Amino acid sequence: MKNTIVSVGSVFPEFKKTAVVSLEKGNEFYDITSEDHKNAGKWMVMFWWPKDFTFVCPTEIAEFNHKAEDFADRDALLIGASTDSEFVHLAWRKNHDDLRNLQFAMLADTSKSLAEDLGILEANEKVAYRVTYIIDPQGIVRWVSVNDLSVGRNVNEVLRVLDALQTDELCPCNWTKGEATIEA
């Protein structure tokens, strides 16, 4: 299988998927579309993990949750995603202490159509790599980070890059919010 990953400068694919948004009976699920963040004039940060009920994935999901307000403060819609179903997401949230109070949606791509459109499926198991996208309010991919299945990502780096992109200026190596940018 050849992966052709949707990359920087590309339009993020259109989608409509069911997501787990709550543990409250009757309000667990909500349909999310590729238009939601654009209609709200927000950035979108979508991060993918390979499988629910695994070991590295909940550490990342919990860390994104710890930083959820930081993403909201930056006008970014945070969405977690995998190819598991919304029912598996819900069961995992109910059964894992670190996932019960998530402040963002867990998108279910059971058809694997979005993961396939993004080119992020691992060849043998057909699960998503650990991929993070930052998409601007116009729907253009501005940053992509891809990790192999066994390596967790750094959520602070995602925030740092989001900050840099939102300056719309030249940001040097290791730049962090509040530091000077480069004048061209």
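Let me begin with Phe 71. In this predicted model, Phe 71 touches Val 45, Phe 64, Ala 76, Leu 78, Val 155, Val 158, Leu 159 and Leu 162, leaving aside residues up to four places away in sequence.

Phe 71 is also among the residues with the most contacts inside the largest nonpolar core, together with Val 45, Ile 61, Phe 64, Leu 78 and Ile 134. That core has 26 residues. Two or more residues come from each of strand E3 (43-48), helix H2 (57-66), helix H3 (68-73), strand E4 (76-82), helix H4 (86-95) and helix H6 (155-167). The most are given by H6, with 6 residues. Apart from this core lies another, of 24 residues, including Ile 32, Leu 107, Ile 135 and Val 144. As general background, nonpolar side chains tend to be buried together in soluble globular proteins.

I turn next to Cys 57, in helix H2. An unreviewed UniProt entry annotates Cys 57 as "active site". Is this residue, Cys 57, buried or exposed? Cys 57 counts as buried because its relative accessibility is 1%, and buried means under 20%. Contacts of Cys 57, again without residues up to four places away in sequence, are Trp 49, Pro 50, Lys 51, Trp 92 and Arg 130.

Finally, Arg 160, which lies in helix H6. Its relative accessibility is 21%, so Arg 160 counts as partly exposed. Beyond four places in sequence, Arg 160 touches Asn 174, Trp 175 and Thr 176. As for Val 131, its C-alpha atom is separated by 16 Å from that of Arg 160, with the two residues 29 apart along the chain.

Definitions and conventions
Residues numbered from 1 in each chain as written. Predicted model: local features only at pLDDT ≥ 70, side-chain atom pairs only at ≥ 80, totals over all residues. Heavy atoms only, no water. Core = buried A, V, L, I, M, F, W, Y, C linked by side-chain atoms within 4.5 Å. Buried < 20%, exposed > 50% of the residue type's maximum accessible area, 1.4 Å probe, protein only. Helix = DSSP H or I, 4+ residues; strand = E, 2+ residues; numbered from the N terminus. Contact = heavy atoms within 4.5 Å. UniProt positions renumbered as here; feature names shortened; annotations may be inferred.
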